[in-house]
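Colleague: Could we go through this model together? I have a few short questions.

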Amino acid sequence: MATPVINTNPPNKVEIHPENYRFLQDYIYKESGIVIERDKHYLLEARLLPVAKKRDMATINDLCNLLRATGPADLKRQVVEAMTTHETLFYRDPAQFEALRKTILPPLIEQRKSLRKLSFWSAASSSGQEAYSVAMMLRGMGLRDWNISITGTDLSEQILQRARTGLFSQLEVNRGLPVQDLVMYFTRQGLDWQLKDEVRKMVNFRLFDLRQSMRPLGQFDIVFCRNVLIYFDQDTKKKILEEIRGTIVPGGYLLLGGAETAMAAADKFERVQTNGAVLYRVL
Ligand SMILES: C[S@@+](CC[C@H](N)C(=O)[O-])C[C@H]1O[C@@H](n2cnc3c(N)ncnc32)[C@H](O)[C@@H]1O
């Protein structure tokens, strides 16, 4: 007896036409550098169907037709925003933050004690937890009267607007934030938590596509470029890593995400391993 074919598609589900799938792959790559592989139909459905529905379109195929017809600028932005993943948390990768506190910063602080100046960049900052973790850590290290510059950048203006508010939900502060930091640097605001201005104002957020020239950003002692290179192809990774190299002062460090390496630009960085954390030092 023939095995019955079970259709797991919800009723009336319209598949993305293969031409439209390729169109979206190219479009998202051009607008963000993000690579959508061939078998990510579910991802496109989950992220883009709500965008289509908001505009009273029933399918992603309709959305593609509108995009092709040089659709409204805000629609283009919404598609890119919908395709970016903003997952982040406070002190994500604690071993790296420990390495920063114990290994990287003490000699750097000693070296800069007359200048009293340090600069950090959270590239692909998402909603700001990474940059604010650095800010809180530095305050905890007693660097209050130093000239500290922390820049957070992202491709998504929407997520940057959130980051600038410094307002976090209970769920967000439950993820990675030590209770001492919560007590010291946040105040209750309804169901949420508001980061105090003394920390919030330490970080400057701005829109920046990592594929742009990084020269206008200036120079940094430490760059966090975490959990974003994974979305790019080898070529894009290499260019970004080389550009980042140009923004870091000699002796400074690049910190990548756990699933990322600087292999694409291995000759530009020295890989340093310390207490379970991998760091990339600029020679
Ligand atoms: C998963 S989050 C990483 C957040 C944080 N760095 C962390 O590790 O927790 C990735 C971020 O990269 C941003 N992004 C994606 N493509 C980008 C690009 N071409 N330029 C700048 N940011 C980009 C997304 O908007 C998203 O907020």
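**Two helices, two domains and a ligand**

Modeller: On the other side of H7 from its buried residues, Glu157 and Gln161 are exposed. Please keep in mind that this is a predicted model.

Colleague: Which residues of H7 are buried, then?

Modeller: Helix H7 covers residues 157-165, and its buried residues are Ile159, Leu160 and Ala163. These buried residues lie on the same side of H7, because they cover an arc of only 100° around the axis.

Colleague: What do the buried residues of H7 pack against?

Modeller: Their partners are two strands, S2 (147-154) and S6 (203-207).

Colleague: And what comes just after H7?

Modeller: Glycine 166 does, with a positive phi of about 65°.

Colleague: Let us turn to H1. How many residues does H1 have, and how far does it reach?

Modeller: H1 runs over residues 18-32, which gives 15 residues. From its first C-alpha to its last it reaches 21 Å, close to the 21 Å expected at 1.5 Å a residue.

Colleague: Which residues of H1 are buried?

Modeller: Asn20, Leu24, Ile28 and Ser32 are buried in H1. Seen down the helix axis, the buried residues of H1 fall within an arc of 70°, so they line one face.

Colleague: Why would residues three or four places apart point the same way?

Modeller: An α-helix has 3.6 residues a turn, so residues at that spacing point the same way.

Colleague: Which exposed residues does the face of H1 turned away from the buried side carry?

Modeller: That face carries Pro18, Glu19, Asp26 and Lys30. The buried residues of H1, for their part, pack against three helices: H2 (41-54), H3 (60-68) and H4 (73-83).

Colleague: What follows H1?

Modeller: Glycine 33 follows H1, and its phi is positive, near 90°. Further on, arginine 38 lies in the loop between H1 and H2.

Colleague: Is arginine 38 buried or exposed?

Modeller: Arginine 38 counts as exposed, because it has 9 C-beta neighbours inside 10 Å. Its C-alpha is 26 Å from that of alanine 262, and the two residues are 224 apart in sequence.

Colleague: Now the whole chain. What does its secondary structure come to?

Modeller: The protein chain has 11 helices and 10 strands. Its C-alpha trace spans about 75 × 50 × 45 Å along the principal axes, and 35% of its 283 residues count as buried. Among contacts between residues at least 6 apart in sequence, 73% join residues at least 24 apart.

Colleague: Which domains does the assignment give?

Modeller: The assignment gives domain 1 (18-83) and domain 2 (94-282). Taken over C-alpha atoms, the domain centres are separated by 30 Å.

Colleague: How many residues of each domain are in contact with the other?

Modeller: Five residues of domain 1 are in contact with eight residues of domain 2. On the domain 1 side, the touching residues divide into two nonpolar, two polar and one charged.

Colleague: Last topic, the ligand. How many residues surround the ligand, and which are the closest?

Modeller: The ligand is surrounded by 24 residues, of which the closest are Thr84, Thr88, Ala124, Arg226 and Asn227. By class, the shell consists of seven nonpolar, 10 polar and seven charged residues.

Colleague: Which domains does the shell draw residues from?

Modeller: The shell draws at least three residues from each of domain 1 and domain 2.

How values were computed: Residues are numbered from 1 along each chain as its sequence is written. This is a predicted model: local features need pLDDT of at least 70, side-chain atom pairs count only at pLDDT 80 or more; totals for chains, interfaces and linings use all residues. Helices (H or I, at least four residues) and strands (E, at least two) are DSSP runs, numbered from the N terminus. The expected span of a helix is 1.5 Å times one less than its number of residues. A residue is buried if 20 or more other C-beta atoms lie within 10 Å of its own, exposed if 12 or fewer, and partly exposed in between; C-beta atoms are placed from the backbone. The arc is that of the directions from the helix axis to the C-beta atoms. Two residues are in contact if their C-beta atoms, placed from the backbone, lie within 7 Å. A residue is near a molecule or strand if its C-beta atom, placed from the backbone, lies within 6 Å of it. Ala, Val, Leu, Ile, Met, Phe, Trp, Tyr, Cys and Pro count as nonpolar, Asp, Glu, Lys and Arg as charged, and the others, Gly among them, as polar. Domain bounds come from an automatic or database domain assignment.
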